[in-house]
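Colleague: Could you take a close look at one part of this model for me, the place where the two domains of the chain meet? Please keep the terms clear for a first-year student.

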Amino acid sequence: MEIPQPLQAPGPIKPITCVEMHTAGEPTRIIWNGIPPLAGTLLEQRAQAKSKFDEFRRVLMLEPRGHYDMYGAILRPETELVTSGEAHIGVLFMHNEGFSTMCGHATIALGRFLVDVDEKVFPRRRELKYDPVSQTTTLNLHVPCGVVEVTVPTLACGKSDASRPVSFVSVPSFATAISLQVPVPEKYRWAELHDKTAVTVDFAYGGAYYCMISAEELGFPSGLGAVKLQDMDHATKLLKEAVVTNPDLKYLTHDIRTAEEGFLYGIMITDTRLGHVSASEGTAAARAQLDVSSEETGLCFFANQQIDRSPTGSCVAARVALAHAKGSLLKSEKRIYNSLVTRGYRGLSGFVGSVFDDADTSGGHQQSVRVSVEGYAYYTGYHSFVVEKEDGLGVDGFSVRDIAL
Ligand SMILES: O=C(O)[C@H]1NCC[C@@H]1O
């Protein structure tokens with residue numbers, strides 16, 4: 001792929017050049033040029049991005065260059081695991097609130113991008129291994145939660161093959177609570193709870209921590225077939241508050257490796273009663289080629305109530321680990337995970353999740369598994385962003401939701 005050169009435009013910051021992709025409808029703005037200086041380990045770089053260059057995130061994720069539900073990936077060619085040879089390149093993920101620890105949909109998009117670019121963008125591109133039998137290229141991506149192995153279908157010419165799914169193997173994933181009663185104090189109660197004072201939920205980790213709740217348990221008996229987006233936004237926001245403000249629940253998102261990762265990233269509303277929509281040809285095509293045992297739909301609110309259009313790859317890893325711990329997904333089985341978008345739109349496929357192998361349990365979680373997640377990503381375009389010196393907004397962004405809602 002030819003990467004456009006940055007525009008020579010006036011302004012206080014250098015042009016920032018991005019390639020845009022979507023994975024199951026969810027955007028990834030891949031930033032490969034004009035990145036502020038970040039140094040040290042990947043987590044140190046993430047900390048610097050947060051503390052010193054947050055306007056870089058705001059200008060690219062928020063309005064007018066982005067929007068409330070924009071998602072970004074910043075390439076980091078130098079990290080400690082790139083130096084040690086464990087990874088080929090690093091990446092930081094960002095969204096409307098800050099920087100996350102893992103992102104599955106962006107990993108799927110990055111897989112294609114990193115196979116398609118040259119060494120100016122990806123210095124260790126030439127070290128990637130191509131397997132002529134499976135016609136795939138594999139790469140190790142250093143993400144804030146560890147290393148994920150990405151397998152990218154590749155054409156004979158060396159470019160990625162958009163007609164086959166990219167897959168990745170997650171970091172060790174595990175359930176931290178199954179069918180836990182979470183109290184909902186009065187100030188966090190939402191209307192659909194009626195007189196309930198607690199809800200039953202699951203917690204699991206797939207590179208980031210998620211709380212899973214069925215639509216019915218959240219107070220929406222019609223499930224995700226009849227979504228009331230604003231009401232579900234309100235309910236999940238309050239549920240997240242009820243969890244994160246409860247000191248007795250801290251252990252559910254406590255990471256034994258780094259304090260950085262110990263936060264609740266998202267609430268996933270699940271609906272296992274929803275199968276597929278017959279008009280969804282993409283999913284139908286995926287299903288036809290697969291021996292899938294089951295299919296379910298979810299709606300994920302993450303970061304500051306951002307809505308994932310994709311089935312949320314890191315949460316698919318968490319959900320597969322959870323289903324495996326519950327005994328409802330065997331090692332040999334595959335499951336299709338849909339989002340509202342992949343369930344409802346012709347041509348978009350859900351993600352397929354399955355247990356890849358048992359993970360090393362020396363980290364402390366007895367039932368950790370590594371999960372295979374696969375999905376399709378496509379290019380949508382590119383941007384070269386600038387900020388003019390006369391622009392009163394400067395290097396910043398805003399969200400109309402913060403002003404008007
Ligand atoms: O696929 C994922 O894992 C992500 N999508 C947006 C929120 C998560 O980081």
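Modeller: What follows describes the two domains, their interface, the ligand site and two backbone details.

This is a predicted model, in which local features need pLDDT of at least 70 and side-chain atom pairs count only at pLDDT 80 or more, while totals for chains, interfaces and linings use all residues. Residues are numbered from 1 along each chain as its sequence is written, and side-chain values use heavy atoms, with hydrogens and water left out.

The domain assignment divides the chain into domain 1 (13-165) and domain 2 (171-375); such bounds come from an automatic or database assignment. Between the C-alpha centres of domain 1 and domain 2 there are 24 Å. At the interface, 27 residues of domain 1 are in contact with 30 residues of domain 2, where contact means heavy atoms within 4.5 Å. About 2,200 Å² is buried between the two domains, and carbon and sulfur atoms give 56% of that area. Buried area is the accessible area (1.4 Å probe) that two parts lose on being put together, summed over both.

One salt bridge is counted between domain 1 and domain 2. A salt bridge is a side-chain nitrogen of Lys or Arg within 4 Å of a carboxyl oxygen of Asp or Glu. The side chains of D69 and R309 form a salt bridge, at 3.2 Å from N to O. Eleven residue pairs are in polar contact across the interface, both residues at pLDDT 80 or more. A polar contact is a pair of N or O atoms within 3.5 Å; within protein, one must be able to donate a hydrogen and the other to accept it, and residues adjacent in sequence count only if both atoms are side-chain atoms.

Around the ligand there are 13 residues, of which G104, H105, D308, G313 and S314 come nearest; a residue counts as near if one of its heavy atoms lies within 4 Å. A backbone N or O atom of G104 is 2.7 Å from a ligand oxygen atom. For S314, a polar side-chain atom is 2.6 Å from an oxygen atom of the ligand. D308 has a polar side-chain atom 2.7 Å from a nitrogen atom of the ligand.

Two backbone details remain. A cis peptide bond, with omega about 5°, joins E63 and P64. Q135 is a residue other than glycine with a positive phi, near 55°.
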